[in-house]
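Open the model in a viewer with residue selection and secondary structure display switched on. The stops below say what to select and what is there.

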Amino acid sequence: MLLLVGLALVAAGAASFAVQRHELNERLDESLSRSVKEFGVLTETGVDPRTMKRFEHAEDLLYIAMQRTLPSPKQGMVSLVGKEVRWTAPDIVGIRLEDDPEFIEWAFQVQDSNHIRLGTVKTDVATYRAVVVPVSLPADHERGSFVLAYDYSAEAIANDRNFMIYSAVGASVMLLSALAAWLVVGRMLEPIRRLQTTAQQISETDVSQRIEVSGNDEFADLTVTINEMLDRLDGALKAQRQLLDDVGHELRTPVTIINGHLELMDPHDPQDVEQSRDIAMDELGRMSLLINDLVTLAKTNRTDFLQIEPVQVGKLLDDILDKARGLGQRQWRIDYRTEATVRLDPARLTQAMLQLCANAVKFSEENSRIALGNEILRNGRGETTLRWWVSDAGIGIRSDDLERIFERFGRGQNSARSSGSGLGLNIVQAIAETHGGRVWVNSEPKNGSTFYIDLPLSTGSKEE
């Protein structure tokens with residue numbers, strides 16, 4: 001920005017200098033032209049004071065012309081007759097053209113052309129803007145010329161002084177602007193420097209550092225956003241470490257079981273071999289289930305995890321009930337069915353509901369009741385929710401286990417280790433959250449459990 005401002009000042013200064021120099025040239029030329037016109041009028045209409053007649057000799061005309069001409073402070077004049085300087089300006093005139101031989105030589109050369117000559121002359125003494133007016137009278141055999149000249153260098157000094165003042169002021173403004181920019185921009189970029197320092201302190205495994213928030217401008221908002229991003233990264237790293245610990249723990253057990261049975265197996269005892277094989281196959285099946293569930297959880301962060309489409313939720317509930325009947329001999333029924341078309345992912349919702357149904361079968365007695373349902377709820381704030389549920393008459397869940405069962409590999413105290421991967425309810429929670437909803441449970445020990453999936457419905461997503 002300073003460079004652009006500097007270029008703009010240079011361009012403006014150069015343009016101003018050129019304009020002032022052009023105006024100076026025009027002013028000098030106009031003054032010289034006016035003097036030439038006055039001399040022409042004197043030549044045509046003037047009368048010699050001594051004879052009271054028209055001028056007959058060039059030197060007399062030049063003498064009277066110089067008497068009637070008052071040069072400006074930076075202007076000089078001479079009269080040339082033949083090959084000599086005949087008349088010079090009064091002593092009060094500061095510009096003495098007769099003292100500059102180069103200029104006088106130029107004037108003698110020009111008068112021979114018999115034409116008025118206006119031009120710029122550069123000598124060792126000065127630079128002049130001069131005019132030479134040749135004089136030739138019929139009764140006089142000698143030729144003369146009237147010479148007027150401005151000291152162009154002296155006239156340009158004022159213009160140059162203005163430009164120097166402009167340059168000095170511009171340079172001062174640039175320095176002050178640079179100082180102000182250094183202070184202001186440095187202060188503005190302080191959060192960026194703190195961000196850089198914090199980023200350098202953050203390692204691949206430690207993102208606990210945070211940037212100090214100061215002020216309430218855009219940089220403060222950026223700092224808050226970066227801190228929130230670091231919070232998410234910190235949470236993701238902790239979740240990743242926890243996942244690795246949990247997966248390592250879950251996989252270590254079946255591997256240990258398989259390894260122990262294979263080491264103790266008697267290869268010559270068919271019954272022992274068959275028993276060890278059955279145990280190994282059972283543990284490998286559970287490991288396969290765990291891996292499949294982990295793959296499903298990993299996909300929840302992908303944008304294509306959900307395939308949203310309009311779905312008739314009443315018909316979808318009937319389809320889920322038909323599929324759930326194969327999970328176990330229970331009294332399956334529907335408590336309530338809503339007839340509406342809602343935008344959701346039918347496959348993922350079916351997966352979540354069947355997982356809840358599988359849990360209900362696992363923790364309930366044969367021929368006990370399991371009920372499914374869905375309903376659209378509206379609250380006083382105008383918010384609409386599509387609620388799904390699975391209710392059973394099983395053993396229930398203790399109050400201190402209600403939150404833990406939704407965690408990865410979380411199990412209630414009445415759950416057996418070998419009955420699943422420990423990821424089923426965590427997958428249900430992920431499916432609900434990717435829909436923008438939540439999953440929760442209402443349960444008491446020995447009185448059964450009811451799992452709810454609440455999906456918020458936005459305006460236009462539901463058709464009655």
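Start with Leu377 and find its bridge partner in β12, which is Thr385. The coordinates are those of a predicted model.

**The β11-β12 hairpin**

Extend the selection to both strands. β11 and β12 pair in the antiparallel sense, over nine bridges. Together the two strands form a hairpin with five residues between them. Pick Gly382 in the turn: its phi is positive, about 85°.

**The sheet around the hairpin**

Now show the whole sheet that contains these strands. This open sheet has five strands in the order β9-β11-β12-β14-β13, and the pairing is mixed. Its edge strands are β9 (331-336) and β13 (438-443), each of which pairs on one side only. From one strand to the next the twist averages 20°.

Two pairings are worth a separate selection. Strand β12 (residues 384-392) and strand β14 (residues 449-457) run antiparallel and are joined by eight bridges. Within that pair, Val390 has Phe451 in β14 as its bridge partner. On the other side of the hairpin, which sense of pairing links β9 and β11? The two strands pair in the parallel sense, over five bridges. Select Gln331 there, and Arg369 in β11 stands opposite.

**Helices α9 and α8**

Return to β12 and β14, which are joined by eight bridges, and add the helix that lies on their sheet. Helix α9 (residues 346-362) packs on the sheet and touches β9, β11 (369-378), β12 and β14. The direction of α9 makes about 30° with that of β12.

Next, add helix α8 (residues 313-324). The axes of α8 and α9 are 10 Å apart, and the two helices pack at an angle of about 45°. That angle makes α8 oblique to α9. The crossing of this pair is right-handed. For the side chains, select Leu316, Ile320, Lys323 and Ala324 in α8; these meet Pro346, Leu349, Thr350, Met353, Leu354 and Cys357 in α9. By class, the contact of α8 with α9 divides into eight nonpolar residues, one polar and one charged.

**The second sheet**

Move to the antiparallel sheet. Five strands form an open sheet here, in the order β4-β3-β7-β6-β5, with antiparallel pairing. β4 (84-88) and β5 (117-122) are at the edges with a single partner strand each, so one side of each has no neighbour in the sheet. Neighbouring strands are turned by 30° against each other on average, direction ignored.

Within this sheet, select strand β3 (residues 75-81) and strand β7 (residues 144-151), which run antiparallel and are joined by seven bridges. One bridge to display is that of Val78, whose partner in β7 is Val147. Two helices can then be added. α1 packs on the sheet, touching β3, β5, β6 (127-135) and β7, and its direction makes about 15° with that of β6. α4 also packs on the sheet and touches β6 and β7; the direction of α4 makes about 25° with that of β7.

**Helices α1 and α2**

Keep α1 and add α2. The axes of helix α1 (residues 2-45) and helix α2 (residues 58-68) come within 11 Å and cross at roughly 135°. The two helices are therefore oblique to each other, and the crossing of α1 and α2 is right-handed. Which residues meet at the contact of α1 and α2? Phe39, Leu42 and Thr43 in α1 meet Leu61, Leu62, Ile64, Ala65 and Arg68 in α2. Sorted by class, the residues of this contact are six nonpolar, one polar and one charged.

Now select residues 1-17, which the unreviewed UniProt entry lists as "signal peptide". Over residues 1-17 the chain is 94% helix and 0% strand, with the end C-alpha atoms 24 Å apart.

**Helices α4 and α5**

The last stop is helix α4 (residues 152-188) with helix α5 (residues 190-201): their axes come within 4 Å and cross at roughly 45°. α4 and α5 are therefore oblique to each other. Gly186, Arg187 and Met188 of α4 make the contact with Glu190, Pro191 and Arg193 of α5. The contact has two nonpolar, one polar and three charged residues.

Finally, select residues 163-185, covered by the annotation "transmembrane region" in the unreviewed UniProt entry. This stretch is 100% helix and 0% strand, and its end C-alpha atoms are 31 Å apart.

How values were computed. Residues numbered from 1 in each chain as written. Predicted model: local features only at pLDDT ≥ 70, side-chain atom pairs only at ≥ 80, totals over all residues. Heavy atoms only, no water. Axes fitted to C-alpha atoms, helices over the stretch in contact; angles between N-to-C directions. Parallel < 35°, antiparallel > 145°, perpendicular 65-115°, else oblique. Left-handed = near helix turned anticlockwise from the far one by under 90°. Contact = heavy atoms within 4.5 Å. Nonpolar A, V, L, I, M, F, W, Y, C, P; charged D, E, K, R; others polar. UniProt positions renumbered as here; feature names shortened; annotations may be inferred. Pairing = 2+ DSSP bridges.
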